[in-house]
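Colleague: I would like to learn how to read burial, cores and strand pairing in a model of this kind. Could we go through them in turn?

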Amino acid sequence: MNHSNLKREKMIKLPSAILTILLLLPGVSWGYEEAPLARPKTYGSSKGVTCPIAIIPGKSLGPIELGKNISELEVLGMSIKKVQGSESQLIVGRYTVEVDSAKTITAISAEIGDLPNCVKYKRHRITQKMFPQRIAKLFTKCAHPERLQGGSIIACDGVVIGSGKWSGQQKSPSLKVVPL
């Protein structure tokens, strides 16, 4: 085979390879369909958990917004359960919310490992394998890490990133959206 025929054969194979890849892409799972069934005894089904899960510091985490009344969350279709031994915390789907005496949401938190792999801040994807310091670099005005018993937190404007061990197990980073 001469050089020009070899070149022409390569030129034909390249577009067909690209076409094959493009045809297979719709079948690729990007992990955005639904939440994994992590800790089903705590969270139940993944009903109501949709992607992407956007973080808006000082405002919202996923579909849950600060300042809303807990009764407004029922339309999301997520289960709402009381945290045993707490009057101010509720589990709403995969999130933990803190409420005041009027049942208004004052903080929203979630462990990244309990959410689907589609947590986003602006255009950045946040995964459970990211170190809290790397996550904090995405946000503005962050304080130095504060050591706590069993872990640490990094407070930024409108969001707190936590990490540590509980019950002897390393946990994935957690996010907590708080008022600015």
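Modeller: Let us begin with burial, keeping in mind that this is a predicted model. A residue counts as buried when its relative accessible area is under 20%, and as exposed when that area is over 50%.

Colleague: Is S163 buried or exposed by that rule?

Modeller: S163 has a relative accessible area of 15%, and because the limit for burial is under 20%, S163 is classed as buried. This serine lies in strand β12, which covers residues 159-166, and, leaving aside neighbours within four places in sequence, S163 is in contact with P132, G150, G151 and S152.

Colleague: What share of the 180 residues in the protein is buried?

Modeller: Buried residues make up 33% of them, in a protein that has 3 helices and 13 strands.

Colleague: Which residues have the most contacts inside the largest nonpolar core?

Modeller: The general idea is that nonpolar side chains tend to be buried together in soluble globular proteins. Here the largest nonpolar core has 32 residues, and those with the most contacts inside it are I55, I64, Y95, V97, I126 and F139. Not counting residues up to four places away in sequence, V97 touches several residues, among them I64, I70 and L90.

Colleague: Which residues form the covered face of strand β1?

Modeller: In β1, residues 53-56, I53 and I55 form the covered face, whereas A54 and I56 form the uncovered one. On pairing, β1 runs parallel to β8, joined by 2 bridges, with V119 as the bridge partner of I53, while β1 and β2 pair in the antiparallel sense over 2 bridges, with L61 as the bridge partner of I55.

Methods
Residues are numbered from 1 along each chain as its sequence is written. This is a predicted model: local features need pLDDT of at least 70, side-chain atom pairs count only at pLDDT 80 or more; totals for chains, interfaces and linings use all residues. Side-chain values use heavy atoms; hydrogens and water are left out. Helices (H or I, at least four residues) and strands (E, at least two) are DSSP runs, numbered from the N terminus. Buried means under 20% relative accessible area, exposed over 50%, partly exposed in between (1.4 Å probe, protein chains only). Contact means heavy atoms within 4.5 Å. A nonpolar core is a set of buried Ala, Val, Leu, Ile, Met, Phe, Trp, Tyr and Cys residues joined through side-chain atoms within 4.5 Å. Two strands pair if DSSP finds at least two bridges between them.
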